[in-house]
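Got the viewer open? Here is a short tour, one selection at a time.

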Amino acid sequence: MKTISRRDFLYYSGALLSTAMFADVCRPFAGDGRFISGLDDIRGKVFKNDAPKTLWKWSHEGFLYDKLDDGKVVCGICPHRCILAPGDRSVCRSKVNINGKLYSLAYGNPCAVNNDPVEKKPLFHFRPRSMVFSLATTGCNFRCLNCQNWEISQAKPHEVRNHELFPAEAVETAQRLGSESIAYTYSEAVTFFEYMIDIARLAKEKGLHNLWISNGYINQKPLLELCKVLDGANINLKSYSDDIYRKLNGGRLQPVLNTLKTLHEQKIHLEVTTLVVPGYIDDEEMIKQMCGWILDNIGPDYPLHFLRFFPKYKLDGLPPTPVSTLTRFRELAIKEGIRYVYVGNVPNHEGNNTYCHNCSKLLIEREGYFLPTYNLTGNKCKFCGTKIPGVWDNSASRRD
Amino acid sequence: MKKNERVTLLVVIAAGISSIVVQLITIREFLAQFHGNEFVISLILFNWLILGGIGTLVAHLITPRYWEPSSSRLCQLSFILAALSVIQIYSIRELRDFFFVHGSSVGFYPTLAYIFLTIAPYCLLIGFILPYSLFVLRAKTPDYSGTRIYITDNIGDITGGALFSFALVFLVTPLKAIFIANLPLVAASFLLFSFTGKQRKYLKIIPGAAITLLLLAAGIFFEPFSLAPSEGKLVHYSESRYGRIAVHQDNGQHTLFTDGVPVFSTQNQSIAEETIHYPLAQLDNPQRVLLISGEGGIMKELKKHGLKTVDYVELDPEITAVQFKFGLIENIEGLNVINQDGRAFLADSDKIYDAIILNLPEPDTFQVNRFFTDQFFSLVKKRLAPDGVLSFSMEGYDNYLAEPQRQKLSSLYNTVKNHFKHVLLMPGLKIFFLCRDISIKTDIPARLAEKGIIARYIRGYYYGNLTKKRISDLNNLMDPNTPKNSDDSPLLMRLMFSQWFAKFSSSPVGFIAALAGLTIIYLFRIKREEFVLFSTGAMTMGSEILIIFAFQIFYGYIYFQIGLIITVFLAGLLPGALLGDRLREGGKQILVLTDGLLITLMGILILALKMGGDRLPSFFFLVFGFMVSLACGFQFPVALHLGGGGNSAVTRSFSADLIGAACGTLITSLVFLPYFGIIWATAGLIFLKLASLIVIGTPKLSNFLRRYVLRS
Ligand code: SF4
């Protein structure tokens, strides 16, 4: 056998190593969404042959999917519409194809469970001062570079420590803790849809409210099913640019807008949240367009929250959002015609409070989760009697 | 010496100056662009060596067979080299946002690839120029000595290192330094061209020189623009001894960036309140507080406690100047600003404090790790009043504590618990550690109300965010079996390293395995003398990395000293090579002796580190570096002589040294140091040298091994 010379060896080794290194930097050109890049979008990809061999006790057959040829299945829950061959794992990491059937591996095994103030969601016009039993399993259909909960949203179900809480136990625990509602939150509830809808149906029967805190990246059919048992939602409208959605979040804008419209049509209480990321979502023109869309399509009554960004996860080279930018956006949105605009992640800002859209008087003063002033009678302004949009009740001093 | 030869050697020296200054500025640029991570330094050095080696190899392959060596070509190449140095720095700055999402951090492989891509043109050319100069000289004098070129190049390298470390780093910005460092190269090339004797030569050379100079000058002109942020505007920029400092102003908010990381912001009320009131709420009447580094808005919160003295320790005087200038830190009564390393200050001072509050970033560098070790906490304990409190924070989590982070917190918990009876972790966006010998109170809002202190963020958010359940859940998750963190075995660094890979869902294992595979194949193909050079190359670069990291561990900063360290590691090569050239007849025995010397040196290093690393003067490390490079420089001509001294022996010896150096860089920084700590990393290098001693000293055994392994 002819042996290679040292020179050749050196040359080929150098070339080989260089190729290996370039493989990653060139991925943007190849469009592999799992790689972060300034050139392409970061939408997730199906994990080939990554499913476990057998199901575990926290498995449940997919709520909505179609069978294709060769044992493949297509999930119908979110716009990714993952096509999984047997043995594959979905973009959201929670679903797998085992022997031609779609299963969720996130059913009854939440990894985060807390009892939170409703204001923390944030939901400012939904039964203030009430406590919300909040839970999440792993999984997300997005890949946000600034994810607050990446430890669970970007993990597979078996990679985390989890509680065991099947739907009946979840509802029972919420009741035991005195929570009025259950929130499906933290990671992305769309990806544990089967678990969420089963809890929500039971909770509804038991008189609890269901709150959905989500990126809104869901298909129409499952959403309509969810709306049957849903009481409130906070949808994170990450930006009003499809390009930013693709680069920063790994999703698309239009399906989220569709979700907002559907929730409005289904008369679900809705609040919208936008995280103002410096250099991306701090463009006044974009915010104006976003407000224009909201006004034209769902009207002026849904509260809009502008949240302050802090460096987090992979997006840790940007400064926090200047408070004055948030103040300016709030003023701009109010000027455009949105009636309730809030500033979040900035303590003691005027934008934490609720002012009547008719008489401009202070209705609710918020110091964090503490509400020192509450000037609503039922669902009306105490001063001018105007009906304030939202879901209110009379037990205004419940938590404090 | 003929005029032409002299000027060619001048070009070699000037290229040496350019290469070292460009290398040092490249390292600083990457530290500033990629969050000051030391691993980046080793990745740069690794790539630099590999690319330089490929450049050298290409020179050997194509010259003189396909590309006749000539002085005029050498001049043109030198001009291109000078121009590439500016382009390289601009590429590093500008292409980052092209390849990666603006503002995002970058994982291992993309960083490696980005370094490779941006430094490739310059490094390939610098690797090409050295042998090419030799061919130019050999075109006129066929037996021209290769060692002479090696020595001349060393003179340039040392000059460049000294120029940068003792002058440029203090006086000028990076692009000005590039301009200055490349002027000798342009001048020497111009001079060389004027000796070529070609007609109408100036018509050719003047535009080349002019374009190069113009590019170098343009680099300086556009420098401020290349630093301008996308958000807001740059209101301050300086290169201090410790890192790059920039202040961005955006809509009334000032943010201070050090090495590209936003560290201070004027509008950070929540963090300021938590940082100050969690620890001070524990004390009935705090009077003396020590702050190690700060956070925007904390002085305002400290003022509420009516303290007598606040000692604020910040290593870099330029940072404190900037903090006061832009209102990131307010001047309050009793405030003493101390510009000294926090750890050194605690070791020197005999003051006793009621509270010591650390405000430091995550321990992902050795510099920061040293504030979270057993040794440091024991120092802190000595400076705290009996009922005093120590507080520090780590990055928090919203709803789930992931495993690598749990390990990190557990290690910290176990380390600090060794010194305090009570340690409590408070969850949140930052996790605060409160450490005391008497019990810790968790109802912070109630304590503040008792003391009549108003902290609006804590009042409004505390009960919703820090429920009893959340606090106990977090504390119950601490694993008592996680090992402690120490200066010489930085477990936190290793965990941060794993966390970094976990964040990017990648692992360096594939790369290291591929590299190890190729190295093993290579090792079984080389001669004994080459193995000595390979191991010496690995040891020299390994020790250079060790010393860089040791500086970080014991003195806490590197940005400024990096030039000094690289210079001493070059400085020994020249006298070593001259000495080796004289004693080369000594052959194998001389190699064995120097191997023994290297092992002894490493042994001394282990002893010195064990006896008290942070008490060692920095001079010790520099002398050590010089001695190692002296031995390395010494071995080169001896091994070359043993190998026959011909053209192919030069290439083989050079390759062995270079591949060894590249492997030593990577294995020390990515495997030895994070996984085994500095002492065992040194021991690992000794083991490598022992192997070389066996190979050179016991030819029979090594032949047997080689055959046995190859057959199996
Ligand atoms: S919910 Fe998950 S599996 Fe279904 S389409 Fe979306 S990402 Fe794919």
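Which residue in β3(B) is the bridge partner of B:His248? Select B:Thr255 and you have that partner.

Before moving on, some housekeeping: this is a predicted model, where local features need pLDDT of at least 70 and side-chain atom pairs count only at pLDDT 80 or more, while totals for chains, interfaces and linings use all residues. Residues count from 1 along each chain as its sequence is written, chains are lettered from A and ligands numbered from 1 in the order written, and side-chain values use heavy atoms, leaving out hydrogens and water.

Now select residues 253–258 of chain B, strand β3 (strands are DSSP E runs of at least two residues, numbered from the N terminus). Of its 6 residues, 5 are buried, so the strand is largely enclosed by the rest of the structure (buried means under 20% relative accessible area with a 1.4 Å probe, protein chains only).

Add β2(B), residues 244–250: it pairs with β3(B) in the antiparallel sense over 6 bridges (pairing takes at least two DSSP bridges). The two form a hairpin with 2 residues between them, and B:Asn251 in the turn has a positive phi of about 45°.

On to β4(B), residues 261–265, which runs antiparallel to β3(B) and is joined to it by 4 bridges. Look for B:Phe257 opposite B:Pro262. This hairpin also has 2 residues between its strands, with B:Asp259 in the turn at a positive phi of about 50°.

Last stop: colour chain B by domain, with domain 1 at 1–227, domain 2 at 261–493 and domain 3 at 508–712, bounds that come from an automatic or database assignment. The C-alpha centres of domains 1 and 2 of chain B are 46 Å apart.

Notes. Buried < 20%, exposed > 50% of the residue type's maximum accessible area, 1.4 Å probe, protein only.
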